[in-house]
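Subject: Structure handover

Hello,

Here is the structure for you to look over. My notes on what turned up follow below it.

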Amino acid sequence: MGRVALVFAGQGAQTPGMGRNLYESSDAVRRVFDQVESFQPGVTQLCFEGPASELNLTVNTQPCLFTVDYGCAIALEEALGEKLCGDHIHGVAGFSLGEVAAATFAGLMDFATGFDFVCQRAVAMHEAGVDNPGVMFAVVKLGANEVEQIAGNVTGVYPVNYNSPAQVVVACQTEQAEKFAQRVAEQGGKALKLPVSGGFHSPLMDLAAEKLADLTCSMNFTEPVIPLYSAMTTQPYDNPQEQLATQVNHPVRWEQTIRTMAADGFDTFIEVGPGRTLSNFIRQIDETLTTFQVNDTESAHQVAAWLKERKGH
């Protein structure tokens with residue numbers, strides 16, 4: 001029997017209403033949101049009501065998405081009626097911001113510390129984006145090598161998210177956006193502009209990485225209770241002080257991370273958080289892998305029932 005991983009969403013589906021269904025039906029999820037409100041009032045309203053224009057600003061996106069990601073994992077645990085880590089879940093990973101939620105759930109740091117880090121991460125990345133404005137494009141219909149070749153010939157363009165064989169995301173300086181999109185079109189690809197407020201996971205975020213490095217040096221970490229995979233190194237964490245800081249200005253190598261985990265025996269991935277973006281990527285990476293999503297009450301109970309049946313076997 002293969003191993004099961006939780007993967008925490010970090011992009012896509014950041015729309016008003018996320019988390020509301022679970023909040024209304026789960027005592028455990030309400031406690032998560034209530035705790036967040038004591039740290040940063042207004043997060044719950046942003047999650048539930050938006051507006052989308054505010055929700056998509058990174059200073060708001062990150063604390064909101066962290067809360068919903070973590071809440072979905074807690075909802076699954078509540079539906080299961082026992083701890084997830086160990087008998088049921090054997091490893092965790094996360095995409096970008098989702099990696100912080102994964103690290104928190106796996107016990108690298110407590111919830112209050114994880115949320116505080118996310119808030120400071122969001123501010124640092126916002127400020128870096130103001131100092132070094134950038135945009136991001138999802139490139140489809142071209143392979144990674146082709147995207148890298150185009151980026152290498154346009155100054156200030158960086159491949160940053162290796163999502164799947166079907167999609168690579170680039171960050172670029174704002175003034176280079178039109179030129180890059182044109183080059184992609186000339187090669188038969190399509191550059192889809194993403195609704196984000198900076199050129200994340202690129203050198204445009206160097207300032208943020210420096211600020212976060214100062215922060216993580218003063219943080220206390222504990223050993224995760226299950227393996228926590230870094231989407232930057234594609235391997236289990238071994239240096240959280242460095243890895244949590246430098247992931248913001250280094251590429252997210254999601255495809256290779258999933259391939260590494262599959263080689264390590266993981267054959268089932270449960271996506272927690274709004275939407276199903278990571279599940280779609282995983283199927284594109286390896287169609288033999290099984291995926292589930294937990295983003296509302298019904299899905300939490302369905303996946304919990306599957307985990308119980310699996311353990312019974």
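**What covers α14**

The buried residues of α14 are covered by elements that include β1, α5 (58-80), β7 and β8. Bear in mind throughout that this is a predicted model.

Helix α14 spans residues 297-312. It has 16 residues. From first C-alpha to last, α14 reaches 23 Å, close to the 22 Å expected at 1.5 Å a residue. Its buried residues are Ser299, Ala300, Val303, Ala304, Leu307 and Arg310. These six sit on the same side of α14, because they cover an arc of only 130° around the axis. The face turned away from that buried side carries Glu298 and Gly312, which are exposed.

**The parallel sheet**

Two of the strands covering α14, β1 and β7, belong to an open sheet of four strands. The order is β2-β1-β7-β8, and the pairing is parallel. At the edges are β2 (91-94) and β8 (290-294), each pairing on one side only. Neighbouring strands here are turned by 25° against each other on average, direction ignored.

Strand β1 covers residues 3-8. Four bridges join β1 to β2. For a place to check the register, take Ala5: its bridge partner in β2 is Gly91.

Two helices meet this sheet. Helix α12 (residues 254-263) packs on it and touches β1, β2 and β7 (266-272). The direction of α12 makes about 135° with that of β7. Helix α13 (residues 277-285) lies across β1, β7 and β8. It runs at about 175° to β8.

**The antiparallel sheet**

There is also an open sheet of four strands with antiparallel pairing. Its order is β4-β5-β3-β6. The edge strands are β4 (157-164) and β6 (190-193). Each has a single partner strand, so one side of each is left without a neighbour in the sheet. The average turn between neighbouring strands is 30°, direction ignored.

Inside this sheet, β3 (residues 134-140) and β5 (residues 167-173) pair over seven bridges, in the antiparallel sense. Met136 has Ala171 as its bridge partner in β5. Helix α8 (residues 144-152) lies across β3, β4 and β5. Its direction is at about 170° to that of β4.

**Two loop residues**

Ser26 lies in the loop between α1 (20-25) and α2 (27-39). Is Ser26 buried or exposed? It counts as buried, because its relative accessibility is 3% and the cut-off for buried is under 20%. A polar atom of the Ser26 side chain lies 3.3 Å from the backbone nitrogen of Ala28. Ser26 and Ala52 are 26 residues apart in sequence, and their C-alpha atoms are 25 Å apart in space.

Thr234 sits in the loop between α10 (206-216) and α11 (240-246). Thr234 is buried too, with a relative accessible area of 8%. Its side chain makes a polar contact of 3.5 Å with the side chain of Gln235. What else does Thr234 touch, leaving aside its neighbours within four places in sequence? The contacts are Tyr229, Arg253, Gln256, Thr257 and Thr260. Of these, Gln256, Thr257 and Thr260 fall within α12 (residues 254-263). That is the helix packed on the parallel sheet.

Best wishes

Key. Residues are numbered from 1 along each chain as its sequence is written. This is a predicted model: local features need pLDDT of at least 70, side-chain atom pairs count only at pLDDT 80 or more; totals for chains, interfaces and linings use all residues. Side-chain values use heavy atoms; hydrogens and water are left out. Two strands pair if DSSP finds at least two bridges between them. Axes are lines fitted to C-alpha atoms, for helices over the stretch in contact, and angles run from 0 to 180 degrees between N-to-C directions. Contact means heavy atoms within 4.5 Å. The expected span of a helix is 1.5 Å times one less than its number of residues. Buried means under 20% relative accessible area, exposed over 50%, partly exposed in between (1.4 Å probe, protein chains only). The arc is that of the directions from the helix axis to the C-beta atoms. A polar contact is a pair of N or O atoms within 3.5 Å; within protein, one must be able to donate a hydrogen and the other to accept it, and residues adjacent in sequence count only if both atoms are side-chain atoms.
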